[in-house]
Amino acid sequence: MAEEGTPEVTEAVEMRAALGWLRRTTGLPIAFGGLLPESGHLRIAELNGAATGALRTLAISSGNGLGGKSIALSRPCAVTDYAVARHISHEYDAAVAAEGLRSVLAVPVVVRRKVRGVLYGALRSALPIGERTFDAAVAAARDVEQALVVRDEVRRLLAVTREPAAGPDAWEEVRAAHSELRALAPRIVDTELREELLTVCGRLAGAAGPADARSGQPPALAPREVDVLACVAAGSTNAKAAELLGLRPETVKGYLRSAMRKLGAHTRLEAVVAARRAGLLP
(Lines give C-alpha, C1' and ligand atoms only; values in the text may rest on other atoms or scores of the structure.)
Protein backbone atom coordinates (compact mmCIF):
# COMPACT_ATOMS: atom_id res chain seq x y z
CA MET A 1 0.00 0.00 0.00
CA ALA A 2 1.30 3.49 -0.87
CA GLU A 3 2.23 5.76 2.01
CA GLU A 4 0.90 9.27 2.58
CA GLY A 5 2.79 11.81 0.49
CA THR A 6 4.07 9.37 -2.15
CA PRO A 7 3.44 10.24 -5.83
CA GLU A 8 0.78 7.53 -6.13
CA VAL A 9 -1.20 9.20 -3.33
CA THR A 10 -0.64 12.83 -4.26
CA GLU A 11 -1.48 12.22 -7.93
CA ALA A 12 -4.69 10.29 -7.15
CA VAL A 13 -6.73 13.51 -7.18
CA GLU A 14 -6.35 13.83 -10.97
CA MET A 15 -7.47 10.23 -11.55
CA ARG A 16 -10.39 10.74 -9.16
CA ALA A 17 -11.50 13.88 -11.01
CA ALA A 18 -11.20 12.16 -14.40
CA LEU A 19 -13.30 9.19 -13.28
CA GLY A 20 -16.02 11.46 -11.91
CA TRP A 21 -16.09 13.47 -15.13
CA LEU A 22 -16.26 10.29 -17.20
CA ARG A 23 -19.30 8.95 -15.35
CA ARG A 24 -21.10 12.31 -15.44
CA THR A 25 -20.43 12.70 -19.16
CA THR A 26 -21.32 9.18 -20.32
CA GLY A 27 -23.68 7.77 -17.71
CA LEU A 28 -21.42 4.75 -17.19
CA PRO A 29 -22.44 2.93 -13.99
CA ILE A 30 -18.81 2.51 -12.88
CA ALA A 31 -15.39 3.94 -13.64
CA PHE A 32 -12.16 3.02 -11.90
CA GLY A 33 -8.42 3.18 -12.32
CA GLY A 34 -4.99 3.52 -10.84
CA LEU A 35 -1.50 4.85 -11.45
CA LEU A 36 1.57 2.77 -12.13
CA PRO A 37 4.53 3.40 -9.81
CA GLU A 38 8.11 3.40 -11.08
CA SER A 39 8.34 -0.28 -10.27
CA GLY A 40 5.76 -2.90 -9.44
CA HIS A 41 2.15 -3.52 -10.43
CA LEU A 42 -0.61 -1.06 -11.13
CA ARG A 43 -3.14 -1.10 -8.30
CA ILE A 44 -6.77 -0.12 -8.65
CA ALA A 45 -6.93 2.74 -6.15
CA GLU A 46 -9.84 4.89 -7.33
CA LEU A 47 -13.41 3.66 -7.84
CA ASN A 48 -16.47 5.69 -8.80
CA GLY A 49 -19.80 3.88 -8.72
CA ALA A 50 -18.54 0.56 -7.35
CA ALA A 51 -21.09 -1.64 -5.61
CA THR A 52 -18.45 -3.72 -3.80
CA GLY A 53 -14.82 -3.45 -2.75
CA ALA A 54 -13.76 -6.37 -4.95
CA LEU A 55 -11.71 -4.24 -7.34
CA ARG A 56 -10.02 -2.01 -4.76
CA THR A 57 -6.22 -2.53 -4.50
CA LEU A 58 -6.37 -5.21 -7.21
CA ALA A 59 -2.81 -5.51 -8.61
CA ILE A 60 -2.68 -5.48 -12.41
CA SER A 61 0.37 -6.95 -14.15
CA SER A 62 1.39 -5.97 -17.67
CA GLY A 63 -0.14 -8.40 -20.14
CA ASN A 64 -2.69 -9.84 -17.72
CA GLY A 65 -6.40 -9.18 -18.08
CA LEU A 66 -7.82 -6.28 -20.04
CA GLY A 67 -5.91 -3.57 -18.17
CA GLY A 68 -2.67 -5.49 -18.41
CA LYS A 69 -3.19 -5.87 -22.16
CA SER A 70 -3.76 -2.12 -22.41
CA ILE A 71 -0.51 -1.51 -20.48
CA ALA A 72 1.45 -3.93 -22.69
CA LEU A 73 0.13 -2.47 -25.94
CA SER A 74 -0.04 1.18 -24.77
CA ARG A 75 -3.47 1.56 -26.37
CA PRO A 76 -7.16 1.31 -25.41
CA CYS A 77 -8.70 -2.16 -25.25
CA ALA A 78 -12.29 -3.28 -24.78
CA VAL A 79 -14.37 -6.45 -24.38
CA THR A 80 -18.12 -6.84 -24.67
CA ASP A 81 -18.38 -9.71 -22.19
CA TYR A 82 -15.37 -9.97 -19.90
CA ALA A 83 -15.94 -13.49 -18.58
CA VAL A 84 -15.94 -15.12 -22.02
CA ALA A 85 -13.59 -12.76 -23.87
CA ARG A 86 -11.10 -14.83 -25.88
CA HIS A 87 -8.34 -12.27 -26.42
CA ILE A 88 -7.45 -11.54 -22.80
CA SER A 89 -6.20 -13.68 -19.92
CA HIS A 90 -8.55 -14.26 -17.00
CA GLU A 91 -6.56 -13.81 -13.79
CA TYR A 92 -9.05 -11.23 -12.49
CA ASP A 93 -12.34 -12.90 -13.34
CA ALA A 94 -13.38 -13.38 -9.71
CA ALA A 95 -13.08 -9.66 -8.85
CA VAL A 96 -14.77 -8.61 -12.11
CA ALA A 97 -17.63 -11.07 -11.51
CA ALA A 98 -18.04 -9.94 -7.89
CA GLU A 99 -18.59 -6.38 -9.12
CA GLY A 100 -20.96 -7.66 -11.81
CA LEU A 101 -19.05 -6.20 -14.74
CA ARG A 102 -19.60 -7.44 -18.30
CA SER A 103 -18.59 -4.88 -20.94
CA VAL A 104 -15.28 -3.20 -19.98
CA LEU A 105 -13.03 -0.57 -21.54
CA ALA A 106 -9.42 0.11 -20.46
CA VAL A 107 -7.49 3.21 -21.58
CA PRO A 108 -3.80 3.66 -20.72
CA VAL A 109 -2.45 6.92 -19.34
CA VAL A 110 0.74 7.46 -21.35
CA VAL A 111 3.29 10.18 -20.60
CA ARG A 112 6.36 10.47 -22.82
CA ARG A 113 5.70 7.00 -24.25
CA LYS A 114 5.58 5.44 -20.81
CA VAL A 115 2.38 4.00 -19.35
CA ARG A 116 1.70 5.74 -16.04
CA GLY A 117 -1.75 4.37 -15.28
CA VAL A 118 -4.98 2.87 -16.61
CA LEU A 119 -8.51 4.27 -16.60
CA TYR A 120 -11.46 1.86 -16.88
CA GLY A 121 -15.13 2.27 -17.67
CA ALA A 122 -17.63 -0.59 -17.51
CA LEU A 123 -21.22 -1.71 -17.97
CA ARG A 124 -23.02 -4.36 -15.97
CA SER A 125 -24.55 -5.75 -19.17
CA ALA A 126 -22.96 -7.35 -22.24
CA LEU A 127 -23.51 -4.42 -24.61
CA PRO A 128 -20.96 -2.81 -26.93
CA ILE A 129 -19.42 0.39 -25.55
CA GLY A 130 -20.42 3.17 -27.92
CA GLU A 131 -18.08 5.52 -29.75
CA ARG A 132 -19.16 8.49 -27.65
CA THR A 133 -18.27 6.67 -24.43
CA PHE A 134 -15.00 5.43 -25.92
CA ASP A 135 -14.01 8.96 -26.95
CA ALA A 136 -14.92 10.32 -23.51
CA ALA A 137 -12.77 7.69 -21.80
CA VAL A 138 -9.82 8.56 -24.04
CA ALA A 139 -10.35 12.26 -23.30
CA ALA A 140 -10.43 11.55 -19.55
CA ALA A 141 -7.15 9.64 -19.81
CA ARG A 142 -5.62 12.53 -21.77
CA ASP A 143 -6.62 14.90 -18.94
CA VAL A 144 -4.77 12.70 -16.45
CA GLU A 145 -1.76 12.61 -18.77
CA GLN A 146 -1.65 16.41 -18.97
CA ALA A 147 -1.94 16.67 -15.19
CA LEU A 148 0.98 14.27 -14.76
CA VAL A 149 3.07 16.25 -17.24
CA VAL A 150 2.42 19.39 -15.19
CA ARG A 151 3.29 17.58 -11.95
CA ASP A 152 6.53 16.26 -13.43
CA GLU A 153 7.49 19.77 -14.50
CA VAL A 154 6.60 21.19 -11.09
CA ARG A 155 8.84 18.62 -9.39
CA ARG A 156 11.69 19.47 -11.74
CA LEU A 157 11.33 23.19 -11.11
CA LEU A 158 11.04 22.75 -7.35
CA ALA A 159 14.28 20.76 -7.45
CA VAL A 160 15.91 23.70 -9.24
CA THR A 161 14.75 26.11 -6.54
CA ARG A 162 16.00 23.85 -3.73
CA GLU A 163 19.39 23.04 -5.26
CA PRO A 164 20.22 25.68 -7.88
CA ALA A 165 23.31 25.11 -9.98
CA ALA A 166 26.47 26.80 -8.76
CA GLY A 167 27.85 29.80 -10.58
CA PRO A 168 26.88 33.36 -11.54
CA ASP A 169 23.79 32.24 -13.44
CA ALA A 170 22.31 30.32 -10.50
CA TRP A 171 19.93 33.06 -9.42
CA GLU A 172 18.72 33.61 -12.97
CA GLU A 173 17.95 29.87 -13.12
CA VAL A 174 15.89 30.19 -9.94
CA ARG A 175 14.08 33.23 -11.34
CA ALA A 176 13.23 31.32 -14.50
CA ALA A 177 11.92 28.43 -12.38
CA HIS A 178 9.81 30.88 -10.36
CA SER A 179 8.26 32.23 -13.54
CA GLU A 180 7.41 28.75 -14.81
CA LEU A 181 5.99 27.68 -11.43
CA ARG A 182 3.70 30.74 -11.36
CA ALA A 183 2.50 29.86 -14.86
CA LEU A 184 1.83 26.22 -13.92
CA ALA A 185 0.03 26.91 -10.63
CA PRO A 186 -3.46 27.60 -12.09
CA ARG A 187 -3.33 24.27 -13.95
CA ILE A 188 -2.83 22.24 -10.76
CA VAL A 189 -6.04 20.44 -9.73
CA ASP A 190 -4.68 19.34 -6.35
CA THR A 191 -5.29 22.33 -4.05
CA GLU A 192 -2.65 21.23 -1.54
CA LEU A 193 0.04 20.97 -4.20
CA ARG A 194 -1.02 24.31 -5.69
CA GLU A 195 -0.76 26.03 -2.32
CA GLU A 196 2.64 24.42 -1.69
CA LEU A 197 3.83 25.63 -5.07
CA LEU A 198 2.65 29.20 -4.44
CA THR A 199 4.25 29.14 -0.99
CA VAL A 200 7.58 28.23 -2.60
CA CYS A 201 7.09 31.08 -5.09
CA GLY A 202 6.47 33.44 -2.18
CA ARG A 203 9.64 32.34 -0.41
CA LEU A 204 11.65 32.82 -3.59
CA ALA A 205 10.22 36.29 -4.10
CA GLY A 206 10.88 37.24 -0.48
CA ALA A 207 14.51 36.18 -0.79
CA ALA A 208 15.25 38.68 -3.56
CA GLY A 209 17.18 41.86 -2.97
CA PRO A 210 18.36 43.59 0.22
CA ALA A 211 15.81 43.80 3.01
CA ASP A 212 15.95 47.59 3.26
CA ALA A 213 15.03 47.87 -0.42
CA ARG A 214 11.71 46.19 0.30
CA SER A 215 10.68 48.24 3.35
CA GLY A 216 7.08 49.37 3.56
CA GLN A 217 3.88 47.81 2.35
CA PRO A 218 4.26 46.23 -1.12
CA PRO A 219 1.68 47.15 -3.80
CA ALA A 220 -1.38 44.90 -3.76
CA LEU A 221 -1.02 43.17 -7.11
CA ALA A 222 -3.55 40.56 -8.21
CA PRO A 223 -2.16 37.02 -8.58
CA ARG A 224 -2.49 37.16 -12.37
CA GLU A 225 -0.62 40.49 -12.44
CA VAL A 226 2.25 38.82 -10.60
CA ASP A 227 2.06 35.86 -13.00
CA VAL A 228 2.39 38.18 -15.99
CA LEU A 229 5.28 40.09 -14.42
CA ALA A 230 7.05 36.81 -13.63
CA CYS A 231 6.82 35.85 -17.31
CA VAL A 232 8.03 39.27 -18.40
CA ALA A 233 10.93 39.04 -15.94
CA ALA A 234 11.93 35.73 -17.54
CA GLY A 235 12.06 37.40 -20.95
CA SER A 236 8.65 36.40 -22.33
CA THR A 237 6.86 38.56 -24.86
CA ASN A 238 3.17 39.25 -24.31
CA ALA A 239 2.33 36.51 -26.80
CA LYS A 240 4.59 33.98 -25.05
CA ALA A 241 3.23 34.96 -21.63
CA ALA A 242 -0.29 34.44 -22.96
CA GLU A 243 0.66 30.97 -24.21
CA LEU A 244 2.26 30.02 -20.88
CA LEU A 245 -0.63 31.33 -18.78
CA GLY A 246 -3.46 30.17 -21.01
CA LEU A 247 -4.69 33.74 -21.54
CA ARG A 248 -5.38 35.96 -24.54
CA PRO A 249 -2.57 38.40 -25.47
CA GLU A 250 -4.98 41.31 -24.91
CA THR A 251 -5.66 40.03 -21.40
CA VAL A 252 -1.93 39.83 -20.68
CA LYS A 253 -1.54 43.44 -21.86
CA GLY A 254 -4.33 44.48 -19.52
CA TYR A 255 -2.74 42.77 -16.50
CA LEU A 256 0.63 44.26 -17.38
CA ARG A 257 -0.78 47.80 -17.68
CA SER A 258 -2.56 47.42 -14.36
CA ALA A 259 0.59 46.14 -12.64
CA MET A 260 2.68 48.97 -14.09
CA ARG A 261 0.17 51.53 -12.83
CA LYS A 262 0.16 50.08 -9.31
CA LEU A 263 3.97 49.95 -9.26
CA GLY A 264 4.37 53.47 -10.64
CA ALA A 265 6.34 52.09 -13.60
CA HIS A 266 6.44 53.45 -17.14
CA THR A 267 8.10 50.49 -18.87
CA ARG A 268 8.07 46.70 -18.58
CA LEU A 269 11.62 46.73 -17.21
CA GLU A 270 10.75 49.35 -14.59
CA ALA A 271 7.78 47.22 -13.53
CA VAL A 272 9.96 44.14 -13.08
CA VAL A 273 12.56 46.10 -11.08
CA ALA A 274 9.85 47.65 -8.89
CA ALA A 275 8.24 44.24 -8.30
CA ARG A 276 11.58 42.79 -7.24
CA ARG A 277 12.22 45.69 -4.87
CA ALA A 278 8.77 45.13 -3.38
CA GLY A 279 9.55 41.46 -2.80
CA LEU A 280 6.95 40.27 -5.31
CA LEU A 281 9.48 38.63 -7.66
CA PRO A 282 12.86 36.99 -6.99
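## Exercises on a five-stranded sheet and its surroundings

Ala31 stands opposite Gly121 in E7, and this pairing in a predicted model is the starting point for the exercises below.

**Exercise 1. Work out how strand E1 is joined to E7 and to E3, and whether its residues are buried or exposed.**

Step 1. Begin with the E7 side, where six bridges join E1 to E7 and the two strands run antiparallel.

Step 2. Turn to E3, with which strand E1 (residues 30–35) pairs in the antiparallel sense over three bridges; within this pairing, Phe32 stands opposite Leu47 in E3.

Step 3. Consider the covering of the strand, for which the count is six buried residues out of six in E1. Ile30, Phe32 and Gly34 point one way from the strand, while Ala31, Gly33 and Leu35 point the other way, and all are buried.

**Exercise 2. Place the strands of the open sheet in order, and explain why one side of E3 and of E5 is left without a neighbour.**

Step 1. The open sheet has five strands, which follow the order E3-E1-E7-E6-E5 with antiparallel pairing.

Step 2. Strand E3 (46–48) and E5 stand at the edges and have a single partner strand each, so one side of each is left without a neighbour in the sheet.

Step 3. As for the twist, neighbouring strands of this sheet are turned by 15° against each other on average, direction ignored.

**Exercise 3. Trace the pairings of strand E6, and find which residue takes a positive phi in its hairpin with E7.**

Step 1. On one side, strand E5 (residues 77–79) and E6 pair in the antiparallel sense over three bridges, and the bridge partner of Cys77 in E6 is Ala106.

Step 2. E6 also pairs with strand E7 (residues 114–123), again in the antiparallel sense, this time over nine bridges; here Ser103 has Leu123 in E7 as its bridge partner.

Step 3. The hairpin of E6 and E7 has two residues between the strands, and in this hairpin Arg112 takes a positive phi near 50°.

Step 4. Strand E6 (residues 103–111) is mostly covered, since eight of its nine residues are buried.

**Exercise 4. Decide which helices lie across or pack on the strands, and which residues of H3 are buried.**

Step 1. Helix H2 (residues 12–26) lies across E1, E3, E6 and E7, and runs at about 160° to E1.

Step 2. Helix H3 (residues 65–73) packs on the sheet, where it touches E5, E6 and E7, and its direction makes about 35° with that of E6.

Step 3. Within H3, the buried residues are Gly65, Leu66, Gly67, Gly68, Ser70 and Ile71, and these pack against strand E2 (42–43), strand E4 (59–60), E5, E6 and E7.

Step 4. The residue that follows H3 is Ser74, whose phi is positive, near 55°.

**Exercise 5. Glu145 carries a charged side chain; determine whether Glu145 is buried or exposed, and what Glu145 is in contact with.**

Step 1. Locate the residue first: Glu145 is found in helix H5 (residues 131–162).

Step 2. The relative accessible area of Glu145 is 8%, and the cut-off for buried is under 20%, so Glu145 is buried.

Step 3. When its neighbours within four places in sequence are left aside, Glu145 is in contact with Pro108, Val109, Val110 and Val111.

**Exercise 6. Find how many aromatic pairs the whole structure holds, and describe the geometry and burial of what is found.**

Step 1. A search of the whole structure finds one aromatic pair.

Step 2. Phe32 and Tyr120 form this pair, with 4.5 Å centre to centre and 10° between the planes; because planes under 30 degrees apart count as stacked, the pair is stacked.

Step 3. The pair links distant parts of the chain, since Phe32 lies in strand E1 and Tyr120 in strand E7, 88 residues apart.

Step 4. Both rings belong to buried residues, Phe32 at 4% relative accessibility and Tyr120 with a relative accessible area of 5%.

**Exercise 7. Classify the crossing of helices H9 and H10, and describe the residues of their contact.**

Step 1. The axes of helix H9 (residues 238–245) and helix H10 (residues 249–263) come within 8 Å and cross at roughly 105°.

Step 2. Angles of 65 to 115 degrees count as roughly perpendicular, and H9 and H10 are therefore roughly perpendicular to each other.

Step 3. In the contact, Asn238, Ala241 and Ala242 of H9 meet Pro249, Val252, Lys253 and Leu256 of H10; these residues divide into five nonpolar, one polar and one charged.

Methods: Residues numbered from 1 in each chain as written. Predicted model: local features only at pLDDT ≥ 70, side-chain atom pairs only at ≥ 80, totals over all residues. Heavy atoms only, no water. Buried < 20%, exposed > 50% of the residue type's maximum accessible area, 1.4 Å probe, protein only. Helix = DSSP H or I, 4+ residues; strand = E, 2+ residues; numbered from the N terminus. Pairing = 2+ DSSP bridges. Contact = heavy atoms within 4.5 Å. Axes fitted to C-alpha atoms, helices over the stretch in contact; angles between N-to-C directions. Phe/Tyr/Trp six-rings, centres within 6.5 Å; stacked < 30°, edge-to-face > 60°. Parallel < 35°, antiparallel > 145°, perpendicular 65-115°, else oblique.
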